[in-house]
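Work through the exercises below with the sequence and the 3D view at hand. Try each task before you read its solution.

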Amino acid sequence: MEKKRVRILSLREMFDKIFDIHRKTIGSSLPYIIIMQIIMGIGIFLCTLVLIVPFISMSVVMDDVSGLSFFLIILIIGIILLTFFSKNLLTAGLMKIGSDGYFGNRTKFSNGISFAFSKFGKMMGVSFAEAIILGLWLVPVFIMFYLFGLNDLFKGSYLVYEGVDSLNNPKFIIGSMIFLAIIAGIIILVFSTLYALVVPVAIYENLGMFKAMKRSRKLVIDYFWGVMGKKLLLGLVVQGVSSSLISILGIIGAVAMFLLRNSMTSEGIMNLALVTGNLLRYPVQLLLASCITPITSLFVLVLYYNLKFKKEGYDFEVNIFFMDKEKGSIENVQ
C-alpha cells in the first residue's frame, strides 16, 4: 500500500478513508472476523452455561423473590461483561489490521488474531471498567424498573402513597416504563460516545482500565456532539448497507422460487430448494455481517487519530516519523 502523509480529515474525508481502508484490508479482516467469531462463540457459549446453569439451579430450589432477583442481576451483569469483552477483543485485532492499513502497511489476518489475544488481559480490564461505569449510570433506572415491576406484581404494595392507589394505574405504569427505557437509551448513547475510543487508547497508549476510560473521555468531550452525530450517521449508513444486502438476498430467493414454481419443477425439488435456501441463508448472512463489521472499528480508529491530530498535533509527529523512516506502523511511532 502506498504510504501517504496524514492530516486532519473532514467528515466526508473520514468516510472516504474508512471505506478505502476497508477495501484494501478486507482480505485480512474477513478471515480474521470469521475465525474470531468461531473462537469467541465457543467461549461465550461455555461462559453462558457457567452463568445460566447456577441461576436455573437456584431458581428450582429457591422460592424467595429477592434471592432470585439477586441471581438475575448477577446473570445480567455477566452477560453485559461478556458482550463488552467479545466486542473489545474483536475490535483489538481489527484495530491492528486497520491501523497498518491507515499508514500504508499490510497485515495478515493471523497477525490480527495474535495481536488481539496479546491484548486479552487489557481488553478484559477495559471491559470490566465499561461494565462498572455503565452499570453505575444505569442503577437509578434499574431501581425504578424494579420498583414498577414489583408494584405491578404485588398489586401496589411498593408504590402506594398515603393509601392512594393511583400509581397502580396500568397506563401510568406502562408509560413510566417506556419513559425509563428512553432514559436508559439516552444514557447508553452518551456512554458510548464518551467512551468510544477506549479500545484504541488502551492498546496504543498502553493505559489500564479506568485510565483508558478517562483518556477516551478527555479526547471526546470537546467534540462530544460532533462525535455523537458521526456515530449516529455511521450507524444509519451501516444499517442501510446491511438492510440493502439482506433485501437483495431476499429478492434473489423470491425470484428463484418463482422461477422454480413456474418451470414445472417437481414438489420434491421445490422442497429441497427451500431447505437448501434456508440452510444457506445463515452462513451468507454471517459472511455479509463479517464484511460490514470492520466499518465500525475503522470508524473508531479514524476518529481516534483525527481527534489526536486536532487536539494534540499528533499528525506532525507521525509525518516527521515517516519522513525519517519510510516504513513502520503506528506502534513504532508510539
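A salt bridge is a side-chain nitrogen of Lys or Arg within 4 Å of a carboxyl oxygen of Asp or Glu. The model is predicted, and local features need pLDDT of at least 70, side-chain atom pairs count only at pLDDT 80 or more, while totals for chains, interfaces and linings use all residues. Residues are numbered from 1 along each chain as its sequence is written, and side-chain values use heavy atoms, with hydrogens and water left out.

**Exercise 1. A link across the chain**

Task: Find the partner with which Glu312 forms a salt bridge, and decide how each of the two residues counts in terms of accessibility.

Solution: Start at Glu312, whose salt bridge is with Arg215, the closest N and O atoms being 2.7 Å apart. Next, locate the two in the chain: the pair links distant parts, with Glu312 in helix H9 (residues 267–312) and Arg215 in helix H7, 97 residues apart. Helices (H or I, at least four residues) and strands (E, at least two) are DSSP runs, numbered from the N terminus. For accessibility, buried means under 20% relative accessible area, exposed over 50%, and partly exposed in between, with a 1.4 Å probe and protein chains only. Glu312, at 40% relative accessibility, therefore counts as partly exposed, whereas Arg215, at 12%, counts as buried. Finally, widen the view: Glu205, Arg215, Lys308 and Glu312 are linked in a network of salt bridges.

**Exercise 2. Salt bridges within one helix**

Task: Describe the salt bridge of Arg12 and the one that joins Asp100 and Lys96.

Solution: The structure holds nine salt bridges, and one of them joins Arg12 to Asp16, with the closest N and O atoms 2.9 Å apart. Both residues lie in helix H1 (residues 11–61), four residues apart, which is about one turn of the helix. Arg12 counts as exposed at 57% relative accessibility, while Asp16 is partly exposed at 42%. Now turn to Asp100 and Lys96, whose side chains meet in a salt bridge at 3.3 Å, N to O. Because they are four residues apart in helix H2 (residues 65–102), about one helical turn separates them. Here Asp100 is buried, with a relative accessible area of 5%, and Lys96 counts as buried at 15%.

**Exercise 3. The buried side of a helix**

Task: Determine which residues of helix H3 are buried and how they are placed around the axis.

Solution: In H3 (residues 109–118), the buried residues are Gly112, Ile113, Phe115 and Ala116. They cover an arc of only 165° around the axis, so they lie on the same side of H3. The arc is that of the directions from the helix axis to the C-beta atoms.

**Exercise 4. A nonpolar patch on the surface**

Task: Name the members of the nonpolar patch and the helices behind it.

Solution: The patch is formed by Phe128, Ile132, Leu136, Val139, Ile143, Met209 and Phe210, with about 610 Å² of accessible area together. Helix H4 (120–153) and helix H7 (209–221) are the elements that give two or more residues to it, and H4 gives the most, with five residues. Patches are made of residues with over 30% relative accessible area and no salt bridge, where like charges are joined within 9 Å and nonpolar side chains (Val, Leu, Ile, Met, Phe, Trp, Tyr) within 5 Å. Accessible areas come from the Shrake-Rupley method with a 1.4 Å probe, and for residues only the protein chains shown count as cover. As one example, Phe210 is found in helix H7 and is partly exposed, with a relative accessible area of 41%.

**Exercise 5. Core and overall fold**

Task: Identify the residues that touch the most other members of the largest nonpolar core, then describe the chain as a whole.

Solution: A nonpolar core is a set of buried Ala, Val, Leu, Ile, Met, Phe, Trp, Tyr and Cys residues joined through side-chain atoms within 4.5 Å. Of the 70 residues in the largest one, Tyr32, Met36, Tyr102, Met123, Leu197 and Tyr305 touch the most other members. The largest share of this core, 12 residues, comes from H9. Leaving aside neighbours within four places in sequence, Tyr102 is in contact (heavy atoms within 4.5 Å) with residues including Val6, Leu9, Val302, Tyr305 and Phe309. For the whole chain, there are 11 helices and zero strands, and 38% of the 334 residues count as buried.
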